[in-house]
Amino acid sequence: MEFFENYPTDKLIPYARNSRTHNDEQIAQIVASIKEFGFTNPILIDQDDIIITGHGRLLAAQRLGLTEVPVIRLPHLTETQRRALVIADNKIALNAVQTALKTGRIHAAPDGRIDVEEANREWFMNT
């Protein structure tokens with residue numbers, strides 16, 4: 001595993017089979033998070049600079065005009081492990097939101113949207 005604090009965004013290649021997409025609102029939320037807290041969650045990439053996790057963070061960085069981002073390279077993963085990590089990363093994020101909703105720690109609006117600021121406050125207060 002290798003950590004790069006400043007890695008050129010133009011070298012990063014989105015994973016073509018990534019199952020998760022990010023709408024404009026989600027990217028705006030990631031942008032707001034990066035502005036508030038900094039780039040606290042590195043993008044994970046394989047040995048060929050293909051993104052394993054962090055597609056939304058890259059889009060947010062590009063929207064902010066960042067030309068470099070922190071990355072962690074995971075060259076030891078097999079193709080099967082990379083695919084599993086992509087799925088697991090998306091599933092873990094979804095499970096965390098669903099658990100917070102079920103336990104009443106965060107609430108969905110009538111249209112089903114989740115207030116990310118409320119979710120972030122809840123997370124920071126309970127970790």
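User: Leaving out residues up to four places away in sequence, which residues does valine 71 touch?

Analyst: In this predicted model, and not counting residues up to four places away in sequence, valine 71 touches Glu2, Phe3, Phe4, Tyr7, Leu12, Pro42, Ile43 and Ile45. Val71 is also one of the residues with the most contacts inside the largest nonpolar core, a group that includes Leu12, Ile43 and Ile45 as well.

User: How many residues does that largest nonpolar core have, and which elements each supply at least two of them?

Analyst: A nonpolar core is a set of buried nonpolar residues joined through side-chain atoms within 4.5 Å. Here the largest one has 14 residues, and besides those already named, Phe39, Ile51 and Val69 are among the residues with the most contacts inside it. Helix H1, strand S2 (43-45), helix H2 and strand S4 (68-73) each supply at least two residues of this core. Apart from it lies another core, of seven residues, among them Tyr15, Ile52, Ile72 and Leu77.

User: In what order do the elements run along the protein?

Analyst: Starting from the N terminus, the order is β-α-β-β-α-β-α-α, which gives four helices and four strands. Of the contacts with a separation of 6 or more, 74% are between residues 24 or more positions apart.

User: At what angle do helices H1 and H2 pack, and how far apart are their axes?

Analyst: Angles from 65 to 115 degrees count as roughly perpendicular. Helix H1 (residues 24-37) and helix H2 (residues 55-63) pack at an angle of about 70°, with their axes 9 Å apart, and the two helices are therefore roughly perpendicular to each other. The contact is made by Asp24, Ile27, Ala28, Ile30, Val31 and Ile34 on the H1 side, and by Gly56, Arg57, Leu59, Ala60 and Arg63 on the H2 side. Sorted by class, this contact has seven nonpolar, one polar and three charged residues.

User: Is valine 31, which lies in helix H1, buried or exposed?

Analyst: A residue is called buried when its relative accessible area is under 20%, so valine 31, at 9% relative accessibility, counts as buried. Leaving aside neighbours within four places in sequence, valine 31 is in contact with Ala60, Arg63 and Leu64. The C-alpha atoms of valine 31 and alanine 60 are separated by 5.1 Å, although these residues are 29 residues apart along the chain.

User: What percentage of the protein's residues count as buried, and what does its accessible surface come to?

Analyst: Of the 127 residues, 30% count as buried, while the accessible surface comes to about 8,300 Å², with 54% of that area belonging to carbon and sulfur atoms.

Notes. Residues are numbered from 1 along each chain as its sequence is written. This is a predicted model: local features need pLDDT of at least 70, side-chain atom pairs count only at pLDDT 80 or more; totals for chains, interfaces and linings use all residues. Side-chain values use heavy atoms; hydrogens and water are left out. Axes are lines fitted to C-alpha atoms, for helices over the stretch in contact, and angles run from 0 to 180 degrees between N-to-C directions. Angles under 35 degrees count as roughly parallel, over 145 as roughly antiparallel, 65 to 115 as roughly perpendicular and the rest as oblique. Contact means heavy atoms within 4.5 Å. Ala, Val, Leu, Ile, Met, Phe, Trp, Tyr, Cys and Pro count as nonpolar, Asp, Glu, Lys and Arg as charged, and the others, Gly among them, as polar. Buried means under 20% relative accessible area, exposed over 50%, partly exposed in between (1.4 Å probe, protein chains only). Accessible areas come from the Shrake-Rupley method with a 1.4 Å probe; for residues, only the protein chains shown count as cover.
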